Amino acid sequence: MRPRKVPLRKCVACQEMMPKKELIRIVRTPAEEVQIDLTGKKAGRGAYLCGKVSCFKLAKKTKALDRALKQHVGEHIYDQLEQDFAAVEEQFIAGKELVSDEAE
Ligand SMILES: [Zn+2]
């Protein structure tokens with residue numbers, strides 16, 4: 001076993017603990033907008049999801065984001081996020097492959 005200092009976060013949909021960089025952050029901004037935060041650095045309350053559309057769909061079904069962000073997230077916002085999510089998924093996976101070499 002090798003020591004790990006990877007910060008873990010929980011996916012709000014499937015409840016799995018994962019390294020932060022394996023997750024996509026959803027943020028509720030101070031302006032109360034809910035959006036995807038690929039940088040992980042935006043101000044606001046964050047919730048994490050695995051970079052998988054299936055987990056996003058689960059979160060939508062169970063309203064997991066409402067609970068995690070402590071704010072009602074409207075159906076249309078989930079729809080918008082789902083579109084954005086699908087668009088960033090590819091980018092997210094590509095980014096992960098880029099950093100995987102230096103990480104180990
Ligand atoms: Zn998940």
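**Notebook: Leu-81 and the nonpolar core**

I looked up Leu-81 first and found that it is buried, because 20 other C-beta atoms lie within 10 Å. The term buried requires 20 or more other C-beta atoms within 10 Å of the residue's own, exposed means 12 or fewer, and partly exposed lies in between, with C-beta atoms placed from the backbone.

I note that this is a predicted model, in which local features need pLDDT of at least 70, side-chain atom pairs count only at pLDDT 80 or more, and totals for chains, interfaces and linings use all residues. Residues are numbered from 1 along each chain as its sequence is written.

I located Leu-81 in helix H3, residues 75-103. Helices (H or I, at least four residues) and strands (E, at least two) are DSSP runs, numbered from the N terminus.

I then listed contacts, defined as C-beta atoms, placed from the backbone, within 7 Å of each other. Beyond its neighbours within four places in sequence, Leu-81 is in contact with Ile-26, Val-34 and Ile-36. With the same neighbours left aside, the contacts of Ile-26 include Val-34, Ile-36, Leu-65 and Leu-81.

I next examined the largest nonpolar core, a set of buried Ala, Val, Leu, Ile, Met, Phe, Trp, Tyr and Cys residues joined through C-beta atoms within 7 Å. This core has 21 residues, and Ile-26 is among those that touch the most other members. Two or more core residues come from each of strand S3 (23-28), strand S5 (45-50), helix H1 (53-62), helix H2 (64-69) and H3. S3 gives the most, with four residues.

Note on methods
Two residues are in contact if their C-beta atoms, placed from the backbone, lie within 7 Å.
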